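Visitor: Hi, could you walk me through this one? I'd like to chat about the fold and the contact between chains.
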There are 2 protein chains.
Amino acid sequence: MVERGLLIVLSGPSGVGKGTVRKALFEHEQYNLTYSISVTTRNPREGETDGIDYFFRSREEFQRMIAQNELLEYAQYVDNFYGTPIAYVEAQLSKGKDVFLEIEVQGAMKVKKSFPEGLFIFLAPPSLSELKSRIVNRGTEALDAVENRMAAAREELEMMEAYDYVVENDEVHLACQRILSIITAEHLKKDRVKHRYESYLEESE
Amino acid sequence: MVERGLLIVLSGPSGVGKGTVRKALFEHEQYNLTYSISVTTRNPREGETDGIDYFFRSREEFQRMIAQNELLEYAQYVDNFYGTPIAYVEAQLSKGKDVFLEIEVQGAMKVKKSFPEGLFIFLAPPSLSELKSRIVNRGTEALDAVENRMAAAREELEMMEAYDYVVENDEVHLACQRILSIITAEHLKKDRVKHRYESYLEESE
């Protein structure tokens, strides 16, 4: 029996660098990560392949998928729809692959509702205290910046509530290492390993 | 305000290599790990220093510590007592240091009772399935070994129940990397980071 993979959801405030961190993560080939392929109603661009870059679907088909609860979440940007197909995610998890989803905060909250067993990682801007000392050392003119950072911090605090882990994006390679540590640790949780032992013992009897 | 450290308890069946893994872990100096110093009634050996290698105490003093609940756990080996002093562990945690305790399964279960918020890591022998294929490839004479391994696996399954994580000791450096990943991940858990944000916001107001 193959052990079911993890659904890993990386999210965070816009501009925090989610896309950059995701790209860097996929360069670590020793990890069994699969990127979640989205469904979209937009037209393929030159060089894009259906089932690799996106699942390209008509607007009617997309509406049907919404109606039949076939999407973990979806959103509209300008005139086009984008969504995460449950069937694809499920197929990968069943094969034992960890599925990685990089997504806006609102979308992450939708995924959380239908997939609470997912691993929710909040990507946060560099640490507050580090920022404070940096700003204070720059002189008094930056006091406004401190205040702005504090206001943002209050918003981040509210947003991170629904997540399992918070990773600071101070440097991309450090953020990646932290995320990979989280994934490693999750696979070592007692209940997962116990399950592995149990299936092995059953198979051998 | 300093963030409180973690109490990390590494345990597992005897002979699994706890001591070797612990020594290798302490060579990773970038981690903020402090080894828990034990109290003992045995005499100091040449070169051993009180408060560094052990806290050397009289048998009467040790009995007093037991009576006043000053030990997280203790055990007797031959004629001597060994124990983990709560005061030392608490002092390190308050300073923000992660305290590392390598201990037998029975002792770990005692620590779990008085310190349930600790991080309990079970060190397990190399993976069952790997062992199986290795043994099967060696030929039929090893069938007994498979059976023995299965019996041991059943015991390990029961032992690991009270732990948070299970780490295979297939290779010492891999076991170390896994333990360091667990420690990293624990520090990134939402509640810990939230607490960090909150104390910073309070301090700055």
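**A chat about the model**

Guide: Happy to. This is a predicted model, and a good place to start is a salt bridge between B:Glu102 and B:Arg22, whose closest N and O atoms are 2.8 Å apart. The two residues sit in distant parts of the chain, 80 residues apart: B:Glu102 is in strand S7 of chain B and B:Arg22 is in helix H1 of chain B.

Visitor: How many salt bridges are there over all chains?

Guide: A search of the whole structure gives 28.

Visitor: Back to that helix. What does H1 of chain B lie across?

Guide: Helix H1 (residues 18-25) of chain B lies across four strands of that chain: S1 (7-11), S2, S7 (98-102) and S8. Relative to S7(B), the helix runs at about 155 degrees.

Visitor: And the sheet, in what order do its strands come?

Guide: In chain B the order is S2-S7-S1-S8-S9, an open sheet of 5 strands with parallel pairing. Strand S2 (33-35) and strand S9 (165-168) of chain B are the edges, each pairing on one side only. On average, neighbouring strands are turned by 30 degrees against each other, direction ignored.

Visitor: Over how many bridges do S8 and S9 of chain B pair?

Guide: Over 4 bridges, in the parallel sense, with S8 covering residues 119-124. Within this part of the sheet, B:Phe122 stands opposite B:Val166 in S9(B).

Visitor: Switching topic: how much area do chain A and chain B bury between them?

Guide: About 3300 Å², and 70% of that is on carbon and sulfur atoms. On the chain A side, A:Lys190, A:Tyr197 and A:Tyr200 supply 22% of the area buried against chain B, more than any other three residues.

Visitor: How many residues are in contact on each side?

Guide: There are 33 residues of chain A in contact with 33 residues of chain B.

Visitor: What about polar contacts and salt bridges between chain A and chain B?

Guide: Between the two chains, 10 residue pairs are in polar contact, both residues being at pLDDT 80 or more. The salt bridge count between them is 4. One of these joins B:Lys194 to A:Glu161, with the closest N and O atoms 2.8 Å apart.

Visitor: Which elements of chain A supply residues to the side that touches chain B?

Guide: Helices H5 (128-138), H6 (143-160), H7 (172-187) and H8 (190-204), together with strand S9 (165-168), each supply at least two residues. H8(A) gives the most, with 8 residues.

Visitor: And by class, what is on that side of chain A?

Guide: The side of chain A touching chain B has 17 nonpolar, 12 charged and 4 polar residues.

How values were computed
Residues are numbered from 1 along each chain as its sequence is written. Chains are lettered from A and ligands numbered from 1 in the order in which they are written. This is a predicted model: local features need pLDDT of at least 70, side-chain atom pairs count only at pLDDT 80 or more; totals for chains, interfaces and linings use all residues. Side-chain values use heavy atoms; hydrogens and water are left out. Contact means heavy atoms within 4.5 Å. Buried area is the accessible area (1.4 Å probe) that two parts lose on being put together, summed over both. A salt bridge is a side-chain nitrogen of Lys or Arg within 4 Å of a carboxyl oxygen of Asp or Glu. A polar contact is a pair of N or O atoms within 3.5 Å; within protein, one must be able to donate a hydrogen and the other to accept it, and residues adjacent in sequence count only if both atoms are side-chain atoms. Ala, Val, Leu, Ile, Met, Phe, Trp, Tyr, Cys and Pro count as nonpolar, Asp, Glu, Lys and Arg as charged, and the others, Gly among them, as polar. Two strands pair if DSSP finds at least two bridges between them. Axes are lines fitted to C-alpha atoms, for helices over the stretch in contact, and angles run from 0 to 180 degrees between N-to-C directions.
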